[in-house]
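Colleague: Could you take one part of this model and walk me through it closely? I would like the surroundings as well, told as one connected account.

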Amino acid sequence: MNVVFAVKQYISKMIEDSGPGMKVLLMDKETTGIVSMVYTQSEILQKEVYLFERIDSQNRETMKHLKAICFLRPTKVLHKLSYFSNVISKSDVKSLAEADEQEVVAEVQQVITKEYELFEFRRTEVPPLLLILDRCDDAITPLLNQWTYQAMVHELLGINNNRIDLSRVPGISKDLREVVLSAENDEFYANNMYLNFAEIGSNIKNLMEDFQKRKPKEQQKLESIADMKAFVENYPQFKKMSGTVSKHVTVVGELSRLVSERNLLEVSEVEQELACQNDHSSALQNVKRLLQNPKVTEFDAARLVMLYALHYERHSSNSLPGLMMDLRNKGVSEKYRKLVSAVVEYGGKRVRGSDLFSPKDAVAITKQFLKGLKGVENVYTQHQPFLHETLDHLIKGKLKENLYPYLGPSTLRDRMASCL
């Protein structure tokens, strides 16, 4: 976050210092994502920055009448006036000076961002409580396919510094090979990131319909200054919305393709059965059936067996050896097969402090029984992380102190009672 905060400060200062007039923002291909995270195109346009170009563009015109901001990574290409996204060495500064044959560099500054400016902590009357957890108490949750927008992007596409690499998507256009997903600058993503995938499709349709309504007429005539002014004022928002529609239609389309290609709906249904139900015979039959399905990847196959191993570790009819043989016959690599025993050693019944699958609490047993009678609205989201139960017990002052020792001036129960 330091870089993101600093970039916004740098660009804002440069725009203000340059005064009114058209400007050009040149961005290195490796820093474009960072700039996109701190400033949307519509925000930049409102600050009178009208032209964007990549520093690696091969067909860039020479426009000496425009002022420019160049934001680059520290590289050996130092013949351009630049804001650098990191520290540069003294030798690089010397090279920059030697390349400045026209003596256009007025000064070189180093800007250091203060850490306390980056974060704002909410102050409350009640001191915060630090709850320390161990992942081995719940090795189930990380093994399940997730069905919210943000989680699916992380799980199926991968995201780094808010950027998604879509270069491997079949038929992808050049400008969508890499996209930025940031809740700060993307209203649609902010409103949909925690919604289930089924809802996203409907919302994407609404977004496209709204875009079509706002789309400028193709034969729009700009006959007066007022027409031009109205167009310029509306264009940034239209341009932003156009990019938003293209981006999310592409991302959701690729997620849908992967779900179908990997048979994830059926895989997820069996995962949920393994995590939430106690019918060993049905679970074993469904896992074996999916291991025979050629669409199920070796990674998903291994996860199914890991879930089975964790749930039915000590079941009298445990069939883990047979499932391991099925993995081998399917061609699942040894590195994935080894994960089955590793996950049991890490989060098995011998290690974890609580029972994930057989609640001893009478209320919990009743809830599970009623849930089984009524069924569930969405079979793909039945599972609730063990953390949900832990936090519920913490808030109600029912957390067992033998499992979660409390360090403080009073008992944990007294502390929670004073907070409520």
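Modeller: Happy to; what follows looks at helix 11 and its neighbours, and then moves outward to the salt bridges and loops.

Please keep in mind that this is a predicted model. For orientation, the protein chain holds 16 helices and 6 strands. Buried residues account for 35% of its 420 residues. Of the contacts in the chain with a separation of 6 or more, 71% are between residues 24 or more positions apart.

Now to helix 11, which runs over residues 298-311. Its length is a good check to begin with: at 1.5 Å a residue, its 14 residues should span 20 Å, and the end C-alpha atoms are indeed 20 Å apart, so expectation and model agree. The helix is mostly covered, with 12 of its 14 residues buried. The buried set is D300, A301, A302, R303, L304, V305, M306, L307, Y308, A309, L310 and H311. You will notice that D300 and R303 are on that list. Both of them also belong to a network of salt bridges with shared partners, together with E155 and R262.

What does the covering of these buried residues include? Among the elements that cover them are helix 5, helix 9 (264-276), helix 10 (280-291), helix 12 (320-330) and helix 13 (334-347).

Helix 5 deserves a stop of its own, as it takes us to a cavity. A search of the whole structure finds 1 cavity of 30 Å³ or more, and the largest cavity has a volume of about 40 Å³. Its lining is made up of N145, Q146, W147, M152, E155, L156, V259 and L264. Helix 5 (residues 149-157) gives the largest share of that lining, 3 residues. By character, the lining residues divide into 5 nonpolar, 2 polar and 1 charged. E155 ties two parts of this account together: this residue lines the cavity and is also a member of the salt-bridge network with R262, D300 and R303.

Helix 9 and helix 10, two of the elements that cover helix 11, are themselves linked. The side chains of R289 and E266 form a salt bridge, at 2.1 Å from N to O. This pair joins distant parts of the chain, with R289 in helix 10 and E266 in helix 9, 23 residues apart. Are these two residues buried, exposed or in between? R289 has a relative accessible area of 38%, so R289 is partly exposed. E266 also counts as partly exposed because its relative accessibility is 27%.

The salt bridges in the model come to 12, and two others make useful company for that pair. E261 and R257 meet through their side chains at 2.9 Å, N to O. Both lie in helix 8 (residues 225-261), 4 residues apart, or about one turn of the helix. The spacing suits a general rule: an α-helix has 3.6 residues a turn, so residues three or four places apart point the same way. E261 is partly exposed, with a relative accessible area of 44%, and R257 counts as partly exposed at 31%. The other example is D392 with K396, whose closest N and O atoms are 3.4 Å apart. D392 is partly exposed at a relative accessible area of 29%, while K396, at 47%, counts as partly exposed too.

Let me come back to helix 5 and follow the chain past its end. N161 and N162 lie in the loop between helix 5 and strand 5 (163-165). Each is a residue other than glycine with a positive phi: near 55° for N161 and near 70° for N162. N162 counts as partly exposed, at 26% relative accessibility. Its contacts lead to another loop, the one between strand 6 (178-180) and helix 6 (187-192), where S182 lies. Leaving aside residues up to four places away in sequence, S182 touches N162 and Y189. At 8% relative accessibility, S182 counts as buried, because the cut-off is under 20%.

One last stop is helix 1 (residues 2-18), the place of I15. I15 is buried, with 10% relative accessibility. I15 and E48 are 33 residues apart in sequence, and their C-alpha atoms are 8.5 Å apart in space.

Definitions and conventions:
Residues are numbered from 1 along each chain as its sequence is written. This is a predicted model: local features need pLDDT of at least 70, side-chain atom pairs count only at pLDDT 80 or more; totals for chains, interfaces and linings use all residues. Side-chain values use heavy atoms; hydrogens and water are left out. On a 1 Å grid over the protein atoms alone, a cavity is a set of points where a 1.4 Å probe fits but cannot get out, and a pocket is an open set with protein on both sides within 12 Å along at least five of seven lines; lining residues have an atom within 4 Å of a point. Grid points are joined across faces, edges and corners, and a volume is the space filled by probe spheres set on the points. Ala, Val, Leu, Ile, Met, Phe, Trp, Tyr, Cys and Pro count as nonpolar, Asp, Glu, Lys and Arg as charged, and the others, Gly among them, as polar. The expected span of a helix is 1.5 Å times one less than its number of residues. Buried means under 20% relative accessible area, exposed over 50%, partly exposed in between (1.4 Å probe, protein chains only). Contact means heavy atoms within 4.5 Å. A salt bridge is a side-chain nitrogen of Lys or Arg within 4 Å of a carboxyl oxygen of Asp or Glu.
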